[in-house]
Amino acid sequence: MKKILYTFVFTFLVGSISLSASEPFNNIQGFYGERAAGLGGAFTALSDDPSGAYYNPAGMGFAHNDGFSLSASNFKNVKRSYINIDTPGQTYNQTYQGFDPNFVGILKNFDKWKFGFSIVNTYNYAYDRADQVNYPLVSPSINQTRNYVKEKYSQLLVGPSFAYLITDRLSIGATLYYMNDTKEISKTQFQQYTNLSYVMRSSVDNRQTTGLMPILGIQYQAHQKVSLGMSMRRIFVTGGNRLYNEVYTDSARSAGSSAVDFLEGTQSGFSAIEAGAVTQKPKLVSSIPQTTEIRWGAAFFPTSRFLASFDVIYTSGYRTNRAQDEISKSGNKYTYTMNDTEVRELTRISTMNYAAGMEYYLMDTFSVLAGVFTNEPNTKPISWTESAVDLYLQNLYNNQLSASSGDNSLVYKYPRSGNNPRNEYSRNRGLSLGFSWVNAKSSISLTFIREVGSGNSRIDPSSLSQSFEYSAHSVYIMVSSRN
């Protein structure tokens, strides 16, 4: 048993290093454990296996056996469609296919005390964007634009859990996860204008954030056929680092030091040379949103073969402000630029999601599971009208006010909606269908997940917002054993 466990854990960790994930514009990133996926994530009032460490550690108090659970095979196919980019009929798709490690968990039973340890890949995707737009209607001065983007995001949770059975009906529990969250983005953009001049921009943005995520839970068997559960978690960032590099060239500029811009920054400092001016920019953010999530769940067991479960999942919003002003020097001229204080890449909107699931045993060793769930966006709605007004103001006076005295200038910049990194809004809905084969010592499950959504996005600050469609298929293969 130990040899198998060490092999699975090693495979899981090696796979975690090489895989990557998408920016979480929605809070529900996946499902973890054997039964939770089949129930559409409605697992808070159950959680009586090793995956309870993630959903509600108190549920482990009602587990009767030692357990080892693994869902090492999670195949996911995602398609993101951006419709009418710059020009009607111009659409491009981002696609991702991955075969990822997902969850490893252990549960040990000591009478009223239960102890566990789990490893969770919360999300793990990669997207490539390659597109070309010729003669965009919204920018008649541009002949063509070419974009190449690679994005990788991942989050890994590792930590112990415990549960204590206070009475035969009441249990409490806790999990403490160590969190490692990473982002890797590389971008290249080439634009050619009608006068045959061109600009080219290339950048790399890498971030690593560490932190703790404690989860507290309680579960109560209100009746022989009714179970109630609640859990609460919060992200606490403890450290992080970030590195950003960018090079920008403009063929219309005179040859010399001002023809190329260089930008480089970390969480400790950020400076740039742009058009010959030296600029001190605000420090980069190496944190992630420190949100709180609360889950409420109920489960109903009308017969020995059938159960139904329901979850309500609230995730808090997050917003932080800090000084983001800039000062630049070009020869004897100084410019002080006042920017909005909101750190918009960390801004999150609170969400309320719902999940419902059922499980029915067709035979003593074979069950069918099904579920439905919502996945609301944690971003602000993106309006076509707002993007049109933003472009008009940008073309009219560059979205700023300025005043000068001699060689000194003071500039105030209005925050542009087009520069908001939280530029995708999609309301998603999902279905799950699972099959489980169980015997006294082990089980294996196969679950299918289908998630679709639609909304709006604005991935280019120089274009209007566009319609957005999301589509994802997932297959979970989960194995567990019991002593």
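So, what is the mean pLDDT of the protein chain? This is a predicted model, and the mean comes out at 87, with 92% of the residues reaching 70 or more.

That confidence isn't spread evenly, though. Strand E13, residues 292–300, has the highest mean, at 98, while helix H1, residues 2–18, has the lowest, at 36. Over residues 1–22 the pLDDT is below 50, and yet this stretch has 45 contacts in the model beyond near neighbours in sequence. Please be careful there: where pLDDT is low, we shouldn't read the predicted coordinates in detail.

Okay, on to the empty spaces. The structure holds four cavities of 30 Å³ or more, and the largest has a volume of about 250 Å³. If you want to find its centre on screen, look for Ile 28, Gln 29, Lys 76, Asn 375 and Tyr 470, the closest of its 25 lining residues. Several strands give two or more residues to that lining, among them E1, E4 and E18. Strand E23 gives the most, with five. As for chemistry, the lining of this cavity has twelve nonpolar, eight polar and five charged residues.

Now, the pockets. Let me show you the second largest pocket, with a volume of about 940 Å³. It is lined by 36 residues, and the closest to its centre are Arg 35, Asp 48, Phe 62, Ala 63 and His 64. Helix H2, residues 34–38, gives two or more residues to this lining, and so do strands including E7, E14 and E17. Here the split is 13 nonpolar, 15 polar and eight charged.

One last thing to look for: strands E1, E21 and E23 each give two or more residues to the cavity lining, and E1, E21 and E23 also do that for the pocket.

Definitions and conventions:
Residues are numbered from 1 along each chain as its sequence is written. This is a predicted model: local features need pLDDT of at least 70, side-chain atom pairs count only at pLDDT 80 or more; totals for chains, interfaces and linings use all residues. Side-chain values use heavy atoms; hydrogens and water are left out. pLDDT is the predictor's confidence in each residue, from 0 to 100. Helices (H or I, at least four residues) and strands (E, at least two) are DSSP runs, numbered from the N terminus. Contact means heavy atoms within 4.5 Å. On a 1 Å grid over the protein atoms alone, a cavity is a set of points where a 1.4 Å probe fits but cannot get out, and a pocket is an open set with protein on both sides within 12 Å along at least five of seven lines; lining residues have an atom within 4 Å of a point. Grid points are joined across faces, edges and corners, and a volume is the space filled by probe spheres set on the points. Ala, Val, Leu, Ile, Met, Phe, Trp, Tyr, Cys and Pro count as nonpolar, Asp, Glu, Lys and Arg as charged, and the others, Gly among them, as polar.
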